[in-house]
Amino acid sequence: MFYESREFPYGNKESVRKVNVTLNREDRRNLRKIDEIENGKDKLERGLEAARIATNITSAVTSIPVIISSSAIVAALVTSFGAIALWACNLGMEQTEETNQILYSIEEFVKDRSNNLSYWGSIFGRHLQPFLISIMSRGAVNKLLGNMKNRKEHQEDKIANKIIKNDDIKMIIEDITKNNQDLSLNFIREFLCNVDLADNSRDFNIQLLSNLAEYRTSVLKEERNEGSKEETESKFINFIELLMQARFIDGASQNFVDSQYIRDLIKTYGDLVPINLEEKVKTKKFGCGKR
């Protein structure tokens with residue numbers, strides 16, 4: 001089959017403009033999220049350093065007698081460990097009945113540290129010291145904060161990859177709009193000049209352009225000898241698969257699905273899609289949001 005890459009339809013220009021606006025807005029949100037994650041990682045680094053210091057203090061405390069009679073030492077230790085215990089609970093540690101008792105004891109002590117110091121020393125010896133020793137071990141703290149940091153880095157990677165994908169889509173829109181003659185745009189230009197995107201939902205058009213961007217990236221990698229022909233063909237077949245599924249996807253207009261160009265693409269390349277489409281549709285729920 002062969003179709004002319006005629007003038008880019010006005011309706012499609014408006015559709016891709018709306019996609020571009022949506023992606024720019026999404027990228028701004030994602031950049032803010034990355035900043036928040038970076039700030040969170042900085043806080044975790046500071047928390048890790050504080051935990052290391054606290055661990056050293058806790059280790060030293062094991063040699064202190066269970067009941068401490070010096071008011072200055074008791075006040076300093078209980079107040080310091082109270083802050084550490086509160087910090088630990090803020091990290092999401094389980095607040096057991098013993099934890100609550102400890103925190104209540106600390107609160108009462110801070111209110112009136114001048115009274116019953118030997119009693120509070122006993123509370124420290126029986127409850128606070130073993131509690132802190134158990135939760136503030138170096139390995140446990142490092143593992144806890146390390147896991148939290150890894151989750152944040154994983155989230156950051158996902159967001160960064162989304163921004164990169166959006167950039168690839170926006171590059172297609174810019175190049176098509178400026179009539180860039182890059183060979184990697186040949187099929188994309190032909191496609192966008194022979195279909196009507198105007199009645200599709202914005203989310204479905206983003207999905208279409210995302211698949212086309214992946215295909216173009218593979219074409220460019222192949223041209224630079226950084227990718228293979230098989231990879232490029234695979235991305236093209238993925239796009240054809242999306243067209244075959246379009247009639248089942250919320251957001252794909254009937255006008256788009258029934259266009260002669262789409263029918264001809266599926267007729268020409270549909271046999272290359274290695275799936276049982278009917279079976280796949282039964283087991284997968286599609287949805288592209290509101291129009």
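In the predicted model, ring pairing gives a count of 10 aromatic pairs. One of these joins phenylalanine 191 and phenylalanine 239, whose ring centres are 5.0 Å apart and whose planes meet at 80°; planes over 60 degrees apart count as edge-to-face, so the pair falls in that class. Phenylalanine 191 belongs to helix α6 and phenylalanine 239 to helix α8, so the pair ties together parts of the chain separated by 48 residues in sequence. Neither ring is exposed: phenylalanine 191 has a relative accessibility of 0% and counts as buried, and phenylalanine 239 is likewise buried, with a relative accessible area of 0%.

Phenylalanine 191 also pairs with phenylalanine 256. Here the ring centres are 6.4 Å apart and the planes stand at 75°, so this pair is edge-to-face as well. The link again spans distant parts of the chain, with phenylalanine 191 in helix α6 and phenylalanine 256 in helix α9, 65 residues apart. Both residues of the pair are buried. Phe191, Phe239 and Phe256 are members of one aromatic cluster, which also includes Phe187, Phe204, Tyr215, Phe236, Tyr261 and Tyr269.

The surroundings of phenylalanine 256 extend beyond aromatic residues. With neighbours within four places in sequence left aside, phenylalanine 256 is in contact with Phe191, Val195, Asp196, Leu197, Asn200, Phe204, Leu208, Leu243, Ala246 and Ile262.

Phe191 and Phe256 recur in the largest nonpolar core, which has 39 residues; together with Phe187, Leu208 and Leu243, they are the residues with the most contacts inside this core. At least two core residues are supplied by each of α1 (10-61), α5 (138-177), α6, α7 (202-223), α8, α9 and α10. The largest share, 8 residues, comes from α7. In soluble globular proteins, nonpolar side chains tend to be buried together.

Helix α10, one of the contributors to the core, spans residues 260-269, and its buried residues are Tyr261, Ile262, Asp264 and Leu265. These residues cover an arc of only 165° around the axis, which puts them on the same side of α10. An α-helix has 3.6 residues a turn, so residues three or four places apart point the same way. The packing partners of the buried α10 residues are α6 (186-194), α8 (229-245) and α9 (254-257). Two of the buried α10 residues have already appeared above: Tyr261 as a member of the aromatic cluster, and Ile262 as a contact of phenylalanine 256.

Technical notes
Residues are numbered from 1 along each chain as its sequence is written. This is a predicted model: local features need pLDDT of at least 70, side-chain atom pairs count only at pLDDT 80 or more; totals for chains, interfaces and linings use all residues. Side-chain values use heavy atoms; hydrogens and water are left out. Buried means under 20% relative accessible area, exposed over 50%, partly exposed in between (1.4 Å probe, protein chains only). Helices (H or I, at least four residues) and strands (E, at least two) are DSSP runs, numbered from the N terminus. The arc is that of the directions from the helix axis to the C-beta atoms. Contact means heavy atoms within 4.5 Å. A nonpolar core is a set of buried Ala, Val, Leu, Ile, Met, Phe, Trp, Tyr and Cys residues joined through side-chain atoms within 4.5 Å. Rings of Phe, Tyr and Trp (its six-membered ring) pair if their centres lie within 6.5 Å; planes under 30 degrees apart count as stacked, over 60 as edge-to-face and the rest as tilted.
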